[in-house]
Structures are given as structure tokens and as C-alpha cells.
Amino acid sequence: MKARGRTLCETITGEPYQPVRIYYRVLKKGAMLGRLKRLKCISPEQNNHRWNWFYVAEAREIAYDIPYSEIPKHYRPVRLGYFEWRSAEELHLNAFSFQGAIKALNFFEQKFNLHLALPERIRVVNLCFDESETLTPSKPHPSFDELFERDDVHIPQPEKFKEHIAQINAEYDDPEERSEAFDKFMREDSQQPSQEVEEMSIRIDDKEWASMLSVGLMLKQIEAIEHWKGNKSFTPQDAIEELLSMTDDF
């Protein structure tokens, strides 16, 4: 994709490049290491601190926008992401796109025993990047720490949302007025732009978590692409309306 003389940086598998970090809570490190070693698509670096995840072997079952057969040979093996150990109890999986993160969560849910490690939260970058000499499909940021391990990460506080809803319920006795107040609050909230780096919780016990997360990330990607194009006034509400118009076409 090109806009205003710039080229959107995309992954080798065809998605907009938007870094994501998935945080796993590890319950049994020894057994988890054994599980990683058994996967042929995972390859450790020399210090065993970073474990690269490649588009080979078991991972070939994953369908991306660009099929494996259409990926130029000079890009192979394609690195889909990488794991990093932070402690015996914390493991990060870094992915290069929102779609890639969803595919990673679904893939490793099947490959990992949830008694060994659980994905608890993710952090996302609500930005798109230009392709340049230093940032290309085969050359992502050398470290994601500069993106995710910072003090200004937006972490939603659901208790404040619940307090506001409770306040509306207490303030309005009339159901119609209460509904109007709730709609106004939601509209005003959806007009606020997404924060640059945001954390989201993962509810693996909720059967709908994957689809809800997928839709949420899709909306954020629509907003990020519009901002990259120069449409800085584009809001989350605009993204919702655009997504709805896309579904109406089917």
C-alpha cells in the first residue's frame, strides 16, 4: 500500500506490520522448554534466551494472506515471531502483525498444555510504519522492548467503566433516559483516539475471547491505517462504521 509517496511496511505474509507482544505466565518452565524443543518450527538461538518461530513444519498448517507457495525463496525460512524468556514464570511471544498474533494464539493453544503456560495479556502498537532502509518485511525492529516496556502503556481500567455505568443507573430512573445517557457515554468514549501502545487482557476461559479479540484488533488496525494515510481525525467510532459497511457488502 502506498500513500503520499510512502510505502506501508507489511510482513512477508502480507499483513500490515504492527508489533504485538503476548505475555505468557509459565507454570512449569522445564516442561515448557521440553514442549518448545519438540516443535520443529521453533529454533533456539545460541543462548537459549530467544526461540525463533518459523513458517515451517507444524506452522505450515497456518493460512496467511500470502500462501507459503507464493513467498519468494530468498525470504525463506520466514520468521513469524520469537519467544523470549524474562524469568522462570514469564515468557513473551513477539509477533509482527495483529493477524499474526491471533494466528499465534490459536496455533499455540493447540500446541501448548495450558497447565504449562497461559497467555494472560497482550500489548499492541496502534501505529503503522513506513517501509524504509531500516524497516522492511524481513527486517523488523531489532527489539520490541522499546515499544512495550515503557511507562506510558495504556492499561484499561474496567472498574472505572463499571463505576460510570453504575452512576448512570443510579442517576436516571426512567429507562429511556438511562438508555440515552448510556448511548451518549459510549459515543463520547468511541470518539477518543486509541492510545499509541495499549494492553489487553486475554480470557482463555471465555469461548468467545478469540473472536472478540480479533474484531477489536481489526478495528484498531483500520484506525491505524487511516492515521498512517494522514487522516488524523479518524476515530474508533469511524472504524466501527467502516467495519459495519464492509460486512454489509457480503
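Biologist: How many residues of strand 7 are buried?

Modeller: Five of its six residues are buried, and strand 7 is thus described as mostly covered. Keep in mind as we go that this is a predicted model.

Biologist: Which strands does strand 7 sit among in the sheet order?

Modeller: Here is the general idea: the strands of a sheet pair through backbone hydrogen bonds, in either a parallel or an antiparallel way. In this structure there is an open sheet of seven strands, paired antiparallel, with the order 4-5-6-7-3-8-9. In that order, strand 7 stands between strand 6 and strand 3.

Biologist: Which strands stand at the edges, and why is one side of each left without a neighbour?

Modeller: Strand 4 (42-44) and strand 9 (197-201) are the edge strands; each has a single partner strand, so one side of each has no neighbour in the sheet. From one strand to the next, the twist averages 25°.

Biologist: Let's look at the partners of strand 7. How many bridges join strand 6 and strand 7?

Modeller: There are five bridges between strand 6 (residues 79-85) and strand 7 (residues 90-95), in the antiparallel sense. A hairpin of four residues joins strand 6 to strand 7. To follow the register in your viewer, start with Trp85, whose bridge partner in strand 7 is Leu91. Then find Glu84, which stands opposite His92 in strand 7.

Biologist: And how many bridges join strand 3 to strand 7?

Modeller: Strand 3 and strand 7 run antiparallel and are joined by six bridges. Ile22 has Leu93 of strand 7 as its bridge partner.

Biologist: What about strand 9: how many of its residues are buried?

Modeller: Four of the five residues of strand 9 are buried, so to speak of it as mostly covered is fair. Strand 9 pairs with strand 8 in the antiparallel sense over five bridges. Val124 stands opposite Glu198 of strand 9. Helix 6 (residues 209-229) lies across strand 8 and strand 9, running at about 170° to strand 9.

Biologist: Which strands does helix 1 lie across?

Modeller: Helix 1 (residues 29-38) lies across strand 3 (20-26), strand 4, strand 5 (50-54), strand 6, strand 7 and strand 8 (117-125). Relative to strand 6, helix 1 runs at about 160°.

Biologist: Which residues of helix 1 are buried?

Modeller: A general point helps here: an α-helix has 3.6 residues a turn, so residues three or four places apart point the same way. In helix 1 the buried residues are Met32, Gly34 and Leu36. Their cover includes strand 3, strand 4, strand 5, strand 6, strand 7 and strand 8.

Biologist: Take Leu36. What does Leu36 touch?

Modeller: Leaving aside residues up to four places away in sequence, Leu36 touches Ile42, Trp51, Phe83, Trp85 and Phe112. Leu36 counts as buried because its relative accessibility is 0%. Leu36 and Phe112 are 76 residues apart in sequence, yet their C-alpha atoms are 8.6 Å apart in space.

Biologist: How do I read a pair of helices, such as helix 2 and helix 6?

Modeller: Two packed helices are described by the angle between their axes and the distance between the axes. The axes of helix 2 (residues 98-111) and helix 6 come within 9 Å and cross at roughly 165°. Helix 2 and helix 6 are therefore roughly antiparallel to each other, and their crossing is right-handed. Helix 2 contributes residues including Phe98, Ile102 and Leu105 to the contact, and helix 6 contributes residues including Trp209, Leu213 and Leu217. By class, the contact has seven nonpolar, four polar and two charged residues.

Biologist: Is Trp228 of helix 6 buried or exposed?

Modeller: Trp228 counts as buried because its relative accessibility is 5%. Beyond residues up to four places away in sequence, Trp228 touches residues including Met1, Leu8, Cys128 and Phe129. Trp228 and Phe129 lie 99 residues apart along the chain, and their C-alpha atoms are separated by 7.5 Å.

Biologist: Which backbone features should I look for in the loop between strand 5 and strand 6?

Modeller: Pro77 lies in that loop, and the peptide bond from Arg76 to Pro77 is cis, with omega near -5°. Ala57 is also placed in the loop between strand 5 and strand 6. The phi of Ala57 is near 50°, a positive value in a residue other than glycine. Ala57 counts as partly exposed because its relative accessibility is 42%.

Conventions: Residues numbered from 1 in each chain as written. Predicted model: local features only at pLDDT ≥ 70, side-chain atom pairs only at ≥ 80, totals over all residues. Heavy atoms only, no water. Pairing = 2+ DSSP bridges. Helix = DSSP H or I, 4+ residues; strand = E, 2+ residues; numbered from the N terminus. Axes fitted to C-alpha atoms, helices over the stretch in contact; angles between N-to-C directions. Contact = heavy atoms within 4.5 Å. Parallel < 35°, antiparallel > 145°, perpendicular 65-115°, else oblique. Left-handed = near helix turned anticlockwise from the far one by under 90°. Nonpolar A, V, L, I, M, F, W, Y, C, P; charged D, E, K, R; others polar. Buried < 20%, exposed > 50% of the residue type's maximum accessible area, 1.4 Å probe, protein only.
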